[in-house]
Amino acid sequence: MLNNYETVFILTPVLSDVQMKDAVEKFKTVAVDNGADMVNEENWGLKKLAYPIQHKTTGFYQYFEFKAAPGVVAALETEFRRDEKVMRFLTVALNKDAVEYNNKRRKGEFNKKDKEVAA
């Protein structure tokens, strides 16, 4: 049985755009090769950290939402721990309400009121 997960990881800000994209692709490949079905991925860009990590105050944020067996999360997190480019990561299992919320968010249903007001 496949469960729904989302993971956010922060890459070190010293990477070039190409290096950052290569790292993201590497982790996506790890997940997909282990049987994950990617639902959504978002690059949130360079953001300021709440507190310094490894003497750095910014990092590249990346978000994955996927369906997978529980073993995929372990494989993905092992790769996060091995890679020096990853400063932090967090993976959570999603319940049905969170999955529904994410579907609505992707469709932009939460911004419709703002769009209607602007029009």
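User: Which residue in β3 is the bridge partner of E6?
Analyst: That's E65. Keep in mind that this is a predicted model. The bridge belongs to a bigger pattern: strand β1 (residues 3-11) and strand β3 (residues 56-68) are joined by nine bridges, running antiparallel.

User: What makes β1 and β3 count as paired?
Analyst: Two strands pair if there are at least two bridges between them. β1 and β3 have nine bridges, so they pass that cut-off.

User: Why does one side of β2 and of β4 have no neighbour in the sheet?
Analyst: Look at the strand order, β2-β3-β1-β4, in an open sheet with antiparallel pairing. β2 and β4 (86-94) stand at the edges with a single partner strand each, so one side of each is left free of a neighbour in the sheet. Neighbouring strands here are turned by 20 degrees against each other on average, ignoring direction.

User: Why is K47 called partly exposed?
Analyst: Buried means under 20% and exposed means over 50%. K47 comes out at 37% relative accessibility, so partly exposed is the label it gets. You'll find K47 in strand β2 (residues 37-53), touching T57, T58, G59 and Y61 once residues up to four places away in sequence are set aside.

User: How do you know that the buried residues of α2 are on the same side?
Analyst: The buried ones are V72, V73, L76, E77, E79 and F80. They cover an arc of only 155 degrees around the axis, so they sit on the same side of α2. These buried residues pack against β1, α1 (17-33), β3 and β4. The face turned away from them carries exposed G71, R81 and R82.

Key. Residues are numbered from 1 along each chain as its sequence is written. This is a predicted model: local features need pLDDT of at least 70, side-chain atom pairs count only at pLDDT 80 or more; totals for chains, interfaces and linings use all residues. Side-chain values use heavy atoms; hydrogens and water are left out. Helices (H or I, at least four residues) and strands (E, at least two) are DSSP runs, numbered from the N terminus. Buried means under 20% relative accessible area, exposed over 50%, partly exposed in between (1.4 Å probe, protein chains only). Contact means heavy atoms within 4.5 Å. Axes are lines fitted to C-alpha atoms, for helices over the stretch in contact, and angles run from 0 to 180 degrees between N-to-C directions. The arc is that of the directions from the helix axis to the C-beta atoms.
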